[in-house]
Amino acid sequence: MRVIFLGPPGVGKGTQADFIAQKYSIPKLSTGDLLRESVANETELGKEAKGYMNRGELVPDDVVVGLVEEKLSSPQCKQGFLLDGFPRTEAQADQLSRYLVSTEKELDRVVYFTLSKDEIIRRISGRRSCPDCKAVYHLESVPPQKDGVCDVCGKSLIQRNDDKPETVESRLAVYQEQTAPLVEYYKTRKILLELDGAGLVSAVQERLVALLDQPRVE
Ligand code: AMP
């Protein structure tokens with residue numbers, strides 16, 4: 001299975017991506033996670049990406065595409081992959097498409113997650129994550145057992161820099177301007193599936209599995 005999760009920040013792509021990657025035994029490639037890791041490790045790429053990320057802007061296409069192509073060419077991605085948060089611009093989508101043609105692979109599905117803006121803001125403002133094991137919580141809907149502490153590894157939870165209210169609006173504007181056009185892009189290629197991202201994680205999960213298990217209409 002080669003699949004892309006598309007949709008605004010905070011819509012639940014990452015949470016569902018972890019579940020789907022495990023269920024279908026495919027690697028999840030989250031460009032956000034890869035970039036945050038590079039920032040934390042203070043690599044050259046991380047130093048370049050940091051400013052863009054803190055401002056809620058997109059990291060330049062060539063940086064992100066290089067990162068993704070390197071991962072996609074690894075043996076783990078031979079049987080499939082799940083891209084979470086990539087592509088985010090038409091240029092990235094075009095480059096991905098060229099890469100896949102050059103390796104004689106095809107995308108199976110693009111799942112487009114939808115959610116109201118109010119709910120997106122509620123989810124992002126309550127999101128807390130573990131800087132170590134990357135587990136994600138929500139202060140109200142998925143709280144950790146002990147306030148501020150990761151259930152999985154016991155590290156202190158943090159709020160991502162770019163989840164702070166001053167950055168969220170600009171991330172949503174960037175999404176509308178640069179990423180939302182990809183909905184039409186993949187609709188035209190007849191591989192877009194729309195998923196209502198509202199409700200409990202388990203309910204979205206069920207709808208998502210039903211969508212992915214549908215036979216593909218050629
Ligand atoms: P995310 O965790 O997917 O919300 O991504 C966090 C931040 O990483 C974004 O706001 C961007 O600054 C950067 N980023 C992640 N994926 C991409 C991408 N495909 N293209 C450009 N920037 C990206």
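**A sheet, a helix and a cavity**

Okay, let's start with one pair of strands: strand 1, residues 2–6, and strand 3, residues 81–84, run parallel and are joined by four bridges. Keep in mind that this is a predicted model. If you want a spot to look at in that pair, find isoleucine 4, which stands opposite leucine 83 in strand 3.

A quick reminder from class: strands of a sheet pair through backbone hydrogen bonds, and they can do so parallel or antiparallel.

Now zoom out. What is the order of the strands in the open sheet? Reading across, it goes 2-3-1-4-7, so to speak five strands in a row, with parallel pairing. At the edges you'll find strand 2, residues 28–30, and strand 7, residues 192–196, and each of these pairs on one side only. Going from one strand to the next, the twist averages 20°.

Next, the helix. Helix 1, residues 13–23, packs on this sheet. Which strands does helix 1 touch? Strand 1, strand 2, strand 3 and strand 4, the last being residues 109–114. Compare directions, and helix 1 makes about 175° with strand 3.

Last stop, the inside. How many cavities of 30 Å³ or more are there? The count comes to one. The largest cavity has a volume of about 40 Å³. Its lining includes Phe5 and Leu6, and strand 1 covers residues 2–6, if you want to place those two. The rest of the lining is Gly7, Lys13, Gly85, Phe86, Pro87, Arg88 and Thr179. Sorted by type, the lining residues are four nonpolar, three polar and two charged.

Key:
Residues numbered from 1 in each chain as written. Predicted model: local features only at pLDDT ≥ 70, side-chain atom pairs only at ≥ 80, totals over all residues. Heavy atoms only, no water. Pairing = 2+ DSSP bridges. Axes fitted to C-alpha atoms, helices over the stretch in contact; angles between N-to-C directions. Contact = heavy atoms within 4.5 Å. 1 Å grid on protein atoms, 1.4 Å probe; cavity = no way out; pocket = protein on both sides within 12 Å on 5 of 7 lines; lining within 4 Å. Points joined across faces, edges and corners; volume = space filled by probe spheres on them. Nonpolar A, V, L, I, M, F, W, Y, C, P; charged D, E, K, R; others polar.
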